[in-house]
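Here are my notes on the model, set out as numbered points. Please read them with the structure open.

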Amino acid sequence: MNPVPITRPIVVAANRLPVMRTADGWAPSPGGLVRALLPMLRDTGGTWVGWTGNPDDEAEPFVVEGVELHPVPISEEEIELYYEGFSNDGLWPLYHDALRESTYSADQWDAYVAVNERFATTLAEIAPPDAMVWIHDYQLQLVPKMLRERRDDVTIGFFLHIPFPPYELFSRLPWRTEIVEGLLGCDLLGFQRPMGTSNFIAAAQQLLHVDAHHDVIENADHRTRVGAFPISIDVDDVEAMAAGRATRQRMSQIRARLGDPEVILLGVDRLDYTKGIGLRLKAFAALLESGQLDPERHVMVQVATPTREAVEHYQDERHQIERLVGEINGRYSRIGLPVIHYLYQSLPFDELIALYRAGDVMLVTPFRDGMNLVAKEYAAAHIDGDGVLVLSEFAGAADELTDAVLVNPHDDEALQQAIMTAVEMHRHERRKRMEGLRNQIRKSDVQGWADRFLGVMDASAN
Ligand code: ADQ
């Protein structure tokens, strides 16, 4: 990988700091994004600004792996209103076109503004002169404008990890204009897919009558460059872990524990209603019912990571999925051999990689997803060159991973068909497609993504 060309100090802002608590203090959280960004921050003398995850945490700045982390306190009430309320119960379904009755409230919005102000004030205080400030995700969309008003020397970038919806949907939001104005405080505004970029430009034109030329939006003397920057994974790391002896042994053990079935179908998702877990289980059940799949030969593993457990829609989704798993297992399992193995757990990354390797068919079927890193991790882990990925057209990853079996998960027959295509696919075809997937993923890993974003940001300074 090329060395990072950026020498200006980089400051990252995200809702959460990139650390988790361990027995002896703090350790970096797992995940490619953190691994890609921390060394850059260390090398440029940068800082990461975010919440520790504990309510009312007034912790002083601290250093992890040579990087200064600057906590922003968030109160118990703000967690409920800004985080669980406006961000996760308001923006999240809207941006994922998970339509339902709107429950926006001014209290939630006020908390969102207040927390965004706190981030902007902190950034304005600590960013070194001429720094590059890179803000992440939907919880902080007002920060770019608020920061620009306080500091005009810094370059501001923003990356949205989730989709940006079409204007017809976005315009439901009572504070749609404020959000677009907030984001237009950036020098560079990045989305996962070209569709997110065009949706945002349309919203800015409708609401603020801005001029947009190609990838530049002009709004009252300020220019914002916009574009797609599809995020990726740490490919070398996944490949190395997949190749390890411990992973191979664990993979064989997993297959044996599942009763050495002919085909293992795998799902790995945060337990989120956008991930399409329920429809996937129903499609699996329908194929068992019609006899196209056979519980003696075909077994499914569904890992569902606990997430946002305080939000009611997530509790409902969990109950629905667990009832479905129970129904399907009750009908098709045999003593000692469930047809669906369901884990409501967060797993260590090496266990996840062993599961990916054991999975013959990976089912990634979200109704809408910014990118979906699980799809990329699965292909990167299949160093044996085998395995089939069934991938929703509505995941950002579908733009790049065209060698997957692409499917519209809203169409139950198409979903069943896609599963059967994957299960029955001839070995030559499987290998050809997996080679295509792996070549594609190797072309762009998370380090390349971060380098590209920061390079364009550097060149976009107003
Ligand atoms: P997420 O919605 O969280 O991310 P995703 O991209 O699939 O979705 O990332 C999930 C990550 O969690 C993967 O790296 C995976 O390895 C890990 N993971 C999943 N289940 C796990 C488990 N049980 N135990 C441990 N780890 C687990 C948001 C957007 C996505 C976008 C990413 C990055 O919603 O669309 O791809 O940000 O931009």
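**Notes on the ligand site and the two sheets**

1. The residues that come nearest to the ligand are H161, T305, L347, D369 and E377, out of 22 around it; a residue counts as near if one of its heavy atoms lies within 4 Å. This is a predicted model, in which local features need pLDDT of at least 70 and side-chain atom pairs count only at pLDDT 80 or more, while totals for chains, interfaces and linings use all residues. Residues are numbered from 1 along each chain as its sequence is written, and side-chain values use heavy atoms, with hydrogens and water left out.

2. Which classes make up the shell around the ligand? There are 11 nonpolar, 7 polar and 4 charged residues. Here Ala, Val, Leu, Ile, Met, Phe, Trp, Tyr, Cys and Pro count as nonpolar, Asp, Glu, Lys and Arg as charged, and the others, Gly among them, as polar. At least two shell residues come from each of β13, β14, α12 and α13 (373-381).

3. Polar contacts are pairs of N or O atoms within 3.5 Å. Oxygen atoms of the ligand take part in two of the cases here: a polar side-chain atom of R270 lies 2.8 Å from one, and a polar side-chain atom of K275 lies 3.1 Å from one. At Q345, a polar backbone atom is 2.9 Å from a nitrogen atom of the ligand. On its own the ligand has 720 Å² of accessible area, of which the protein covers 83% (Shrake-Rupley method, 1.4 Å probe).

4. One open sheet has 6 strands with parallel pairing, in the order β15-β14-β13-β16-β17-β18. Strands are DSSP runs of E with at least two residues, helices are runs of H or I with at least four, and both are numbered from the N terminus; two strands pair if DSSP finds at least two bridges between them. At the edges, β15 (340-343) and β18 (405-407) each pair on one side only.

5. Within this sheet, β13 (residues 263-270) and β14 (residues 298-305) run parallel and are joined by 8 bridges. G267 stands opposite Q302 in β14. Helix α10 (residues 277-289) lies across β13, β14, β15 and β16 (361-364), at about 170° to β14. Helix α12 (residues 349-358) touches β13, β14 and β16, and its direction makes about 140° with that of β13. Contact means heavy atoms within 4.5 Å; axes are lines fitted to C-alpha atoms, for helices over the stretch in contact, and angles run from 0 to 180 degrees between N-to-C directions.

6. The other open sheet has 10 strands with mixed pairing, ordered β5-β6-β4-β1-β7-β8-β9-β12-β11-β10. Its edge strands are β5 (62-64) and β10 (211-213). β10 pairs with β11 (residues 216-219) in the antiparallel sense over 3 bridges, and D211 has E218 as its bridge partner in β11.

Notes: A polar contact is a pair of N or O atoms within 3.5 Å; within protein, one must be able to donate a hydrogen and the other to accept it, and residues adjacent in sequence count only if both atoms are side-chain atoms.
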